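Please prepare a short briefing on the packing and the cysteines of the structure shown here.

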Amino acid sequence: MLPARMSAVGIVLGGGGITGAGFEMAALMAIELATGWNSNDADVVIGTSSGAFVTALVRSNRLDLDSMVLPTDDREAVASRIRERIFSRRPGVKVGTWLRHGILPGVRSPGLTLLLGSPAPYDTAGLAEWVSEELGEEASRWPKTPTVIVAYDVAARRRVAFGTLDAPETGLAEAVAASTAIPLVFRPWTIDGRHYVDGGVISGTHADLVLGNPRPLDLVLIIAPMAAEEERRGAWMHERMFDRVGCRSLDEEVRIIRGAWPECDILILRPTPQVLAVMRPNPMDPDLAVPAFVRTLITMKKTLAEPEAWTILRRHLTAARLAKGS
């Protein structure tokens with residue numbers, strides 16, 4: 001009897017703030033518990049914003065509880081450490097960058113570009129340092145296996161997919177810092193003289209980038225914290241707006257993937273209202289990181305057991321694990 005063929009799998013990790021990262025980490029851990037499949041075995045991993053941080057953990061085989069919680073931690077200790085790492089204040093507010101690349105283009109064509117490069121109270125240096133401490137020397141290099149981290153070039157006004165031939169060479173920590181620089185919250189991150197902000201300003205997922213894989217994938221697993229289809233009770237207006245925009249972008253990206261690879265299975269994991277209840281209204285609140293992670297881990301058992309989801313996971317991930325072990 002011939003061994004089962006390993007499925008070619010791509011993972012897309014979308015943006016979603018601190019709670020979004022917790023959601024993605026818990027979802028990937030739940031999948032491993034259910035199937036035995038390690039997310040680092042994916043053929044390609046694509047991360048945007050908080051998904052970029054999780055991508056760095058995945059590709060360095062550091063997706064474990066130790067990357068978030070120390071043995072002696074309680075919930076408050078975890079929140080305090082996340083707050084200290086992420087909300088890093090550095091001297092100097094770069095107003096000139098905002099004037100050149102945000103204000104002036106925004107006057108000519110009003111819209112989101114008005115916010116790009118804006119002065120902000122924090123920068124993402126603390127997050128880059130966190131990645132460096134977690135990954136060691138790997139943080140300054142790029143993984144050997146296909147990995148993409150998406151940011152937005154403020155001057156060129158286009159997305160940049162680090163890890164592809166069209167993007168500047170950089171290390172994981174620098175790319176994560178660029179991809180997570182949310183306008184108004186964090187200042188743009190500079191790499192080789194160019195200013196980058198959060199890749200989520202044009203899409204929270206950039207799932208269509210999987211089409212850069214040399215061969216069609218059998219499964220694209222998309223984890224999208226900011227594309228919920230059901231809202232939580234008492235949802236604020238900005239939550240509905242972000243989810244609508246996220247769903248619209250993701251729907252278009254999925255349409256493109258299906259058009260190019262009609263045989264490819266696509267599984268999208270989104271937060272349920274029960275998970276959103278502890279993720280929102282402020283996804284950047286460190287106090288919500290542990291509740292979001294725990295609630296996701298609990299609810300994923302039911303989500304992954306749904307016939308549509310489990311059929312896909314069993315077909316591709318359990319078969320891949322058996323093929324790898326044969």
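Why does C264 count as buried? C264 counts as buried because its relative accessibility is 3%, where buried means under 20% relative accessible area, exposed over 50% and partly exposed in between, with a 1.4 Å probe and protein chains only. The model is predicted, with local features needing pLDDT of at least 70 and side-chain atom pairs counting only at pLDDT 80 or more, while totals for chains, interfaces and linings use all residues. Residues are numbered from 1 along each chain as its sequence is written, and side-chain values use heavy atoms, leaving out hydrogens and water.

**Cysteines**
- C247 also counts as buried, because its relative accessibility is 14%.
- Zero disulfides (pairs of cysteine sulfur atoms within 2.5 Å) are found in a search of the whole structure.

**Nonpolar cores**
- The largest nonpolar core (buried Ala, Val, Leu, Ile, Met, Phe, Trp, Tyr and Cys residues joined through side-chain atoms within 4.5 Å) has 69 residues, and L28, F162 and L269 have the most contacts inside it.
- Helix α1 (residues 17-35) gives this core its largest share, 10 residues; helices (H or I, at least four residues) and strands (E, at least two) are DSSP runs, numbered from the N terminus.
- Another core, of 22 residues, lies apart from it and includes V148, L217, A224 and C247.

**Helix α7**
- The buried residues of α7, among them E239, D243, C247 and I257, pack against β7 (219-223) and β8 (265-269), with contact meaning heavy atoms within 4.5 Å.
- The end C-alpha atoms of helix α7 (residues 237-260) are 35 Å apart, which agrees with the 34 Å that its 24 residues should span at 1.5 Å a residue, the expected span being 1.5 Å times one less than the number of residues.
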